[in-house]
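Open the model in your viewer and keep the selection panel at hand. The tour below goes stop by stop, saying what to select and what is there.

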Amino acid sequence: MAASLRRPSFSACSSSSADPDDEGVRGTCEDASICKRFAVSIGYWHDPYIQHFVRLSKERKAPEINRGYFARVHGVSQLIKAFLQKTECHCQILNLGAGMDTTFWRLKDEDLLPSKYFEVDFPMIVTRKLHSIKYKPFLLQPIIELHSEDTLQIDGHLLDSKRYAIIGADLRDLPDLEEKLKKCNMNPQLPTLLITECVLVYMTPEQSANLLKWAANSFETAMFINYEQVNMDDRFGQIMIENLRRRQCDLAGVETCKSLESQKERLLSNGWETASAVNMMEVYSRLPQAEASRIESLEFLDEMELLEQLMKHYCLCWASKGGSELGLKEITY
Ligand SMILES: C[S@@+](CC[C@H](N)C(=O)[O-])C[C@H]1O[C@@H](n2cnc3c(N)ncnc32)[C@H](O)[C@@H]1O
């Protein structure tokens, strides 16, 4: 089986950095957004915003990669919408390590915005995102529309508006993170959804545990969504690790990505009351039939085994605390 593995491909990071140790990790932002843009360009899902943040890849991405990204975006989005439905949008969302994510604009289009939507990423990534927003009216206009005051605060590493904030911070520096979020009016009393989509694996187990603990202690009513690698002990997992290491990107948290059990255990031992996890093949196989047929007709996939192998190495986890009156504990994929 291992002989038939297509090596996961990763593009290099282009930006220079203040802390060279994090260069490879920041490069994963480019990789994720390029893959998302490519999948969008051939019709996997609708996102008119991503093209404003990243160029279209010259090389075709393999069908199993595109289907993998589809399942990832679909899975995360289903859980976000379940939370918004339970809280009737009277809540806040913190997307941690958001990169070039476009969820804010897509939720606005669907009239599903929370009271406030926050994003955090390294200052260098935020600067890049803010540059695109500042000079592209298609991105800026929706933010201005929701902002009732005269002035909108945008500087190098920060955008703060009534419904949307983008903050440059290191998720490993929790006092600084908290201070910046509070300055942007994060409200600990509101039901809060925290999202880490392919982020925790780049931190050591201790650093991700501290972040999860901080989140559980900071909000009385909260949900956490985490998407990342799983089953990383086998040959396929080793190839992924080696590929990234060659790009100076260390999966420092891979130890926690051993199994669905280890993923749930990390959440439960860091202050979360319920935790669930499914691998992405399960997410894929639970797609509504019409949706599965639609995306499967977009590109021919000759080896179903490749898709299965890839999907079994990623998972979607979610956890909750408090919020029984809202039904947060009943949320499931
Ligand atoms: C693989 S990308 C995913 C981006 C986005 N969540 C998505 O799925 O499209 C990982 C992101 O996490 C960010 N990140 C990783 N470690 C971080 C840290 N310690 N502080 C802030 N951002 C971090 C990276 O800069 C990058 O944008």
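A residue is called buried here when its relative accessible area is under 20%, exposed when over 50%, and partly exposed in between. The model is predicted.

**Stop 1: an aromatic pair at Phe224 and Trp272**

Select Phe224 and Trp272, both of which are buried. Phe224 belongs to strand β7 (residues 222-229), while Trp272 is in the loop between α9 (260-268) and β8 (274-279), so their pairing ties together parts that are 48 residues apart in sequence. The ring centres are 5.7 Å apart and the planes meet at 75°, so this pair is edge-to-face.

**Stop 2: other aromatic rings**

How many aromatic pairs does the structure hold? There are twelve. Select Trp214 and Phe219 for another edge-to-face example, with 6.1 Å from centre to centre and 80° between the planes. Trp214 has a relative accessible area of 9% and is therefore buried. Phe219, at 1% relative accessibility, is buried too.

Now select Tyr49, Phe53, Phe104, Trp105, Tyr117, Phe138 and Tyr164 together: these residues make up one aromatic cluster. Keep Phe53 and add Lys129, whose charged end sits over the Phe53 ring, 5.5 Å from its centre. Then select Arg26 with Phe122; the charged end of Arg26 sits over the ring of Phe122, at 5.2 Å from the ring centre.

**Stop 3: the annotated binding site**

Select Arg72, Gly97, Asp170, Leu171 and Glu197, the residues covered by the annotation "binding site" in an unreviewed UniProt entry. Why do these residues not all gather at one spot? They span 126 residues in sequence, and the farthest two C-alpha atoms are 24.0 Å apart, so the set is not gathered at one spot. Arg72, Gly97, Asp170, Leu171 and Glu197 are nevertheless part of the lining of the largest cavity.

Narrow the selection to Asp170. Its place is in the loop between β5 (164-168) and α6 (174-183). Asp170 has 23% relative accessibility and so counts as partly exposed. Show side chains here: that of Asp170 makes a polar contact with the side chain of Arg172, at 2.8 Å.

Move on to Glu197, in strand β6 (residues 192-197). Is Glu197 buried or exposed? Its relative accessible area is 11%, so Glu197 is buried. Leaving aside residues up to four places away in sequence, Glu197 touches Lys36, Arg72, Val76, Asp101 and Tyr227. With Lys36 there is a polar contact between the two side chains, at 2.8 Å.

**Stop 4: His147**

Select His147, found in the loop between α5 (137-145) and β3 (153-155). His147 counts as buried because its relative accessibility is 10%. Which residues does His147 touch, not counting those up to four places away in sequence? They are Leu152, Asp160, Ser161 and Lys162. For Lys162, look at the backbone: its nitrogen lies 2.9 Å from a polar atom of the His147 side chain.

**Stop 5: two loop residues with positive phi**

Select Asp111, in the loop between α3 (103-109) and β2 (116-121). Asp111 is not a glycine, yet its phi is positive, at about 60°. With 70% relative accessibility, Asp111 counts as exposed.

Next select Asn185, whose place is in the loop between α6 and β6. The phi of Asn185 is also a positive value in a residue other than glycine, near 65°. Asn185 has a relative accessible area of 57% and is therefore exposed.

**Stop 6: Gly68 and Glu308**

End with Gly68, which is in helix α2 (residues 63-87). Gly68 has a relative accessible area of 10%, so this residue is buried. Add Glu308 and draw a distance between the C-alpha atoms: they are 9.6 Å apart in space, although the residues are 240 apart in sequence.

Conventions: Residues are numbered from 1 along each chain as its sequence is written. Side-chain values use heavy atoms; hydrogens and water are left out. UniProt positions are given in the numbering used here, feature names are shortened, and annotations may be inferred rather than shown by experiment. On a 1 Å grid over the protein atoms alone, a cavity is a set of points where a 1.4 Å probe fits but cannot get out, and a pocket is an open set with protein on both sides within 12 Å along at least five of seven lines; lining residues have an atom within 4 Å of a point. Helices (H or I, at least four residues) and strands (E, at least two) are DSSP runs, numbered from the N terminus. Buried means under 20% relative accessible area, exposed over 50%, partly exposed in between (1.4 Å probe, protein chains only). A polar contact is a pair of N or O atoms within 3.5 Å; within protein, one must be able to donate a hydrogen and the other to accept it, and residues adjacent in sequence count only if both atoms are side-chain atoms. Contact means heavy atoms within 4.5 Å. Rings of Phe, Tyr and Trp (its six-membered ring) pair if their centres lie within 6.5 Å; planes under 30 degrees apart count as stacked, over 60 as edge-to-face and the rest as tilted. A charge sits over a ring if NZ of Lys or CZ of Arg is within 6 Å of the ring centre and within 35 degrees of the ring normal.
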